[in-house]
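Below is a set of questions and answers on a protein complex. Each answer works through the evidence and ends on the value or name asked for.

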Amino acid sequence: MAEINELIVSEPPPLADRAGVGAKQTPPPTRVRGYWRSVGFRLRHDPATLAFAAIVLLIVLAALLAPALAPFDPYKESIIGRLKPFGWRGHLLGTDELGRDMLSRLLYGGRVSLLMGVLPVLIATLIGGLLGVVAGFLGGRTNTAIMRMMDVFYAFPSVLLAVAIAGAMGGGMANGMLALSLVFIPPMCRVAETATTQVRALDFIEAARASGAGTLTIIRYHVLGNVLGPVLIYASSLVSVSVLLASGLSFLGLGVRPPVPDWGLMLSTLRQSIYVVPYVCALPGAAIFVTSICFNLVSDGLRSAMDVRM
Amino acid sequence: MDPLAPAPRDRGGPGGPLLIARDLKKHFPVRSSGGKSVQAVDGISFSVREGETLGIVGESGCGKSTLARLLLHLIVPDAGELVFDGTTVRDDITVGALRRQVQIVFQDSYSSLNPRMPIRDTVAFGPFVQGKPKGEARRIARDTLARVGLDPDLFGPRYPHELSGGQKQRVNIARALATGPRMVILDEPVSALDKSIEAQVLNLLRALKRQLNLTYVFISHDLNVVRYLSDRVLVMYLGRVVELGRVEAIYTRPAHPYTRALLASQPSMNPVRRIEEPPITGDPPNPIAPPAGCRFHTRCPFAEPVCMTVDPPLPPWLGPQSHIAACHLSDRLPRRISHE
């Protein structure tokens, strides 16, 4: 009804503007929502992703608050309390082969595992992303030089490469992380390069150049915002891979050294006792499994939320 | 002898040449062809007077867009020079200074706006990179958006995907105008729009030209649109200028067979004049290996033996009323024009 009234009341356009020069432009009635806001909106309306994100948050919080939450000292050994089942004398999740409290060790182990899951990805995102954007934007010989260098790394399976690098550098947590970072740089570089190459061919880059902007300014204002999406999606999917690979390195004795608690290392030492206390031995594996699958599912949710055609 | 405007170094002044292109060449090398190259723009010379609109028409692939990018040094020419307002680009003024005075509007209104940037930032970007403080650049963006008919409060914070094609093209025009250019190169600015929106945008371009004393180079394959907006028309074929003259002269007395064919190829509104046969057949020849002699002789209905061996030169441009065509036979062609 209101619309009809408006139609009747509305005046004809002024004569001077018959040519439509200033033809009344009406914006769409939706609320103004930028790309990142609409991604946030979609994420908020995706209950599955939210649930898995909550679990991830829980795991991260538990690891961060390990000193406050852990009921026992994770390094405290006990000769008589070895390999005890769930709930033995207040040890909620039992004890390991040296009589240390499993719950405390799992909480502390989460710190190491998560750190080894996140930090290499962060380093690889920065270095690989930067190399990819440079290669993609400059193109030509620079692109060939950088991308062929990255291709060399693809000659080896990533697990083998991580093991080889960590082994060559002599194990330890820092070297393990370095090895993982090196493994993740080439694929990250490739993702950033592909996204940049696509953006570079669009007219708005040329328009920016026509308004007098230099290469760095164009990359900063016009390229990064468009490359960030795919890079973030890929990085989030790498976290779970990194947690797994880090556990694998520790399992092989190339990552964290005992007695530091780490899920991969715990799995490795407890596996001999699988017939004595099977459920206790399976715990570190379960922790790795849950963490990596939750990261993976959150990454999937992020991917579909970010897949907005704009 | 200089085939161009009478006094090429004449600085400014109404009617003086604002931009002179002299023998511009751009050949794109083709890989795996043994050193051959696509002759996208092959020796094009013309001048644009202050305040006029020069229309450039030609088939797809004749080098129109390459020429547009050459005029802004977005592609560096292999040979030839650009003289802007009496100073040679590269020698006397830098490319940056040229880009302060000349701007471009692209055809694809979708890909020429950054999808992750609100349009007020897109419009403010030009003034910002040319040294204006952020607040000042924002103010200019508001003014410019209002000038192209977009309410800066309603449209400023929006993203390109929220606008219609016509609105996006208005933003593109605002972006080009935000830096206060004297000359705007319009590379098929309305080709992607539907007819009603096209008319609005064309009228907007006309009004802006009057208000801001702009000079336009208007590139299009649509002869009606070019006729509506241009003072002079330059016809391109396979990287060369084939005809150049005032718009009435070109449209009523085309001197080059190619121009005649282009005009005849427009669908007629008069059912009696409707023709079944296409005026020219086939695709343009391969620009990697253009035909010898006149480049149009392979499709020209009037071609004579001389056309196959001798490349007809473009006669010199003698003054505002000149009408020149690169054709051996232009004096002998029947003056009648069928589409009228």
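Q: Is B:E162 buried or exposed?
A: The classes rest on relative accessible area: buried is under 20%, exposed over 50%, partly exposed in between, with a 1.4 Å probe and protein chains only. B:E162 has 11% relative accessibility, so B:E162 counts as buried.

Q: Which residue forms a salt bridge with B:E162, and how far apart are the closest N and O atoms?
A: A salt bridge here is a side-chain nitrogen of Lys or Arg within 4 Å of a carboxyl oxygen of Asp or Glu. The partner is buried, because its relative accessible area is 7%. The residue is B:R158, and the closest N and O atoms are 4.0 Å apart.

Q: What kind of model is this, and how are residues and chains labelled?
A: This is a predicted model, in which local features need pLDDT of at least 70, side-chain atom pairs count only at pLDDT 80 or more, and totals for chains, interfaces and linings use all residues. Side-chain values use heavy atoms, without hydrogens and water; chains are lettered from A and ligands numbered from 1 in the order written, and residues are numbered from 1 along each chain as its sequence is written.

Q: What ipTM and pTM does the predictor give the complex, and what is the mean pLDDT of chain A?
A: pLDDT is the predictor's confidence in each residue, from 0 to 100. In chain A, 90% of residues reach 70 or more. The complex has an ipTM of 0.81 and a pTM of 0.80, and the mean pLDDT of chain A is 83.

Q: Over which residues of chain A does pLDDT stay under 50, and how many contacts beyond four places in sequence does the model have for them?
A: Contact means heavy atoms within 4.5 Å. In chain B, pLDDT stays under 50 over residues 1-13, and the model has 29 contacts beyond four places in sequence for that stretch. In chain A the residues are 1-13, and the number of contacts is 0.

Q: In chain B, which strand has the highest confidence?
A: Strands are DSSP runs of E with at least two residues, helices are runs of H or I with at least four, and both are numbered from the N terminus. Chain B averages a pLDDT of 84. Confidence in chain B is lowest in strand 5 (residues 87-88), at a mean of 83, and highest, at 94, in strand 7 (residues 183-187).

Q: How many residues apart are B:R240 and B:D311?
A: B:R240 forms a salt bridge with B:D311, with the closest N and O atoms 2.8 Å apart. The pair links distant parts of the chain: B:R240 is in strand 10 (residues 240-246) of chain B, and B:D311 is in the loop between helix 11 (305-309) and strand 11 (323-325), so the separation is 71 residues.

Q: Which residues does B:S322 touch, not counting those up to four places away in sequence?
A: B:S322 is found in the loop between helix 11 and strand 11 of chain B. B:S322 counts as buried because its relative accessibility is 13%. The residues touched are B:L244, B:G245, B:R246 and B:W317.

Q: Why is helix 9 of chain A largely enclosed by the rest of the structure?
A: Among its buried residues are A:F204, A:I205 and A:A207. Just after helix 9, A:G212 takes a positive phi of about 100 degrees. Helix 9 (residues 203-210) is largely enclosed because the buried residues number 7 of the 8.

Q: Which residues are linked with A:D203 in a network of salt bridges?
A: A:D203 is buried in helix 9 of chain A. The count over all chains comes to 27 salt bridges. The residues linked with A:D203 are A:E206, B:R69 and B:D187.

Q: What is the nearest side chain of opposite charge to A:E193?
A: Lys and Arg count as positive, Asp and Glu as negative; His and the chain ends are not counted. A:E193 is in helix 8 (residues 173-200) of chain A. A:E193 is buried yet has no salt bridge; at 6.4 Å, the nearest such side chain is A:R190.

Q: Which residue of chain A does B:L204 touch?
A: B:L204 is in helix 7 (residues 195-212) of chain B. B:L204 counts as buried because its relative accessibility is 1%. Beyond four places in sequence, its contacts include B:R147, B:V148 and, from chain A, A:V21.
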